[in-house]
Amino acid sequence: MKSSSAKDKRKVLKNKNILLGVTGGAAAYKAVDLTRRLKEEGATVTVIMTDASKNFITPLSLEIASGNRVYSDLFDTPMSHITFPAAADLMVIAPATANIIGKFARGIADDLLSTCLLSFRGKVVIAPAMNWRMYENPIFQKNLQYLISHGVVQVGPEKGSLACGEEGIGRMADVNEIIEAIKSALSNKDLLKERIIVTAGPTREYIDPVRFISNRSSGKMGYAIARAALRRGSEVTLISGPCSLMPPRGLKLVTVETADDMRNAVLQHLPEATVVIMAAAVGDFTPQTKEQTKIEKSDELTMRLKKSPDILSEIGSMRNRPLLIGFAAETGNRLDRARKKLIEKGADIIVFNDVTSAGSGFDVDTNKITIIERDRETALPLMTKEEAAEAILDRVSDLRA
Ligand code: PMT
């Protein structure tokens, strides 16, 4: 198996060799997008198609998407059923029909894909896709459960309208979810013992029933931390302000609106937590009074604001508290202010980000962070929020070791 260089450690898929099996289902066309996305994230993808899958999609489409030759004949390339799996970091079957799942469960090896599955020693991810009757069939379920009991990772299927026109369970999982399952299967489970609270997104401080004060937080940073923590094995409670992101599966999601709501939710879950990571942009001020009806339009409006609860400081002052990580959203290179927050708020780590720097901070997919601790500082270059999340969790992992 290939090993990643230290530089690429935080890019889970970088330099990974993925063997993608495509079988004969209506969702086979989604394998093109999956291949492209895996490649975009730095993986090398080798595609093996079953004969049946070629009724749904051409090898050429997958050849273009992967930039590699597509294989399907067991006898075309001698020993490929041994050499391909030996070079792969992970095998994924998407879509996975009842046929390939049945063959794999019973150890049948009669084509290139099924022989590769038998000779492969690493993690296998399967994304089943079929008619709901087939999916619910107890014989199929027995095969599926047998594979799961042997460490095969199942992703999906979902309920919805199926290719046959019926409604039910059997739609292949979304490509994002398949990628997340692949990343999780490839991730080191170094945070298995942790129960992490992550806060994300903005809060809304209501002026009247229809107006509120908020900020530009999209939730992307907090959600990236939650996803990375899940992949690394921890239990995650994501306390999220209003945002439009899809929460990852497998975590406990608590949705809140105001700073008060967020404080209540964090305090409620605090007793079980071993780590708290506050990436949310909690409103610092809230209207002193909230009008019960919509404020009438007028030439001027004067409003008095009061301080909202400072959740990070409140936890920071507790005697027996979990490992506490806050963020500092600063305008300009104000590391001095972030260092002050570390001390004043009683956190163990403050993650500084200059929200006015290009590609950093609010509502972008990248961030440039400095991880500030009492005795050390790590300045990182501009990277994806996913990589930034991995870097923060690397510190958690180091501190726990
Ligand atoms: O959501 P994105 O679009 O991805 O943007 C990411 C981000 C810019 C929101 C994120 O990276 C970030 O910097 N989050 C913290 C924003 C913030 O509120 O910073 P602050 O410097 O004002 O607060 C310092 C810390 O105290 C933060 O951990 C904050 O969660 C916490 N806080 C702040 C106010 C308050 N009333 N209670 C708090 O607990």
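**Briefing: a ligand and the protein shell around it**

Strand β16 gives four residues to the shell around the ligand, the largest share. This is a predicted model, in which local features need pLDDT of at least 70 and side-chain atom pairs count only at pLDDT 80 or more, while totals for chains, interfaces and linings use all residues. Residues are numbered from 1 along each chain as its sequence is written, and side-chain values use heavy atoms, with hydrogens and water left out.

**The shell around the ligand**

- The ligand is surrounded by 30 residues (a residue is near a molecule if one of its heavy atoms lies within 4 Å of it).
- The closest of these residues are Ser-217, Ser-218, Lys-341, Asn-353 and Asp-363.
- Three elements, α9 (220–231), α11 (311–316) and β16 (323–330), each supply at least two residues of the shell.
- Helices (H or I, at least four residues) and strands (E, at least two) are DSSP runs, numbered from the N terminus.
- Sorted by class, the shell has 14 nonpolar, nine polar and seven charged residues.
- In this sorting, Ala, Val, Leu, Ile, Met, Phe, Trp, Tyr, Cys and Pro count as nonpolar, Asp, Glu, Lys and Arg as charged, and the others, Gly among them, as polar.

**Polar contacts and cover of the ligand**

- A polar contact here is a pair of N or O atoms within 3.5 Å.
- An oxygen atom of the ligand lies 2.6 Å from a polar side-chain atom of Ser-217.
- A polar backbone atom of Lys-220 is 3.3 Å from an oxygen atom of the ligand.
- A polar backbone atom of Ala-279 is 2.9 Å from a nitrogen atom of the ligand.
- On its own the ligand has 770 Å² of accessible area (Shrake-Rupley method, 1.4 Å probe), and the protein covers 96% of this area.

**Helix α3**

- Ser-80, Phe-84 and Pro-85 are the buried residues of helix α3 (residues 80–87), where buried means under 20% relative accessible area (1.4 Å probe, protein chains only).
- These residues lie on the same side of α3, because they cover an arc of only 115° around the axis (the arc of the directions from the helix axis to the C-beta atoms).
- An α-helix has 3.6 residues a turn, so residues three or four places apart point the same way.
- The cover over the buried residues of α3 includes β1 (17–22), β2 (44–49) and α5 (112–119).

**The whole protein**

- The protein has 13 helices and 21 strands.
- Of its 401 residues, 50% count as buried.
- The C-alpha trace of the protein spans about 75 × 50 × 40 Å along its principal axes.

Technical notes: Polar contact = N/O pair within 3.5 Å; in protein donor to acceptor, adjacent residues only side chain to side chain. Contact = heavy atoms within 4.5 Å.
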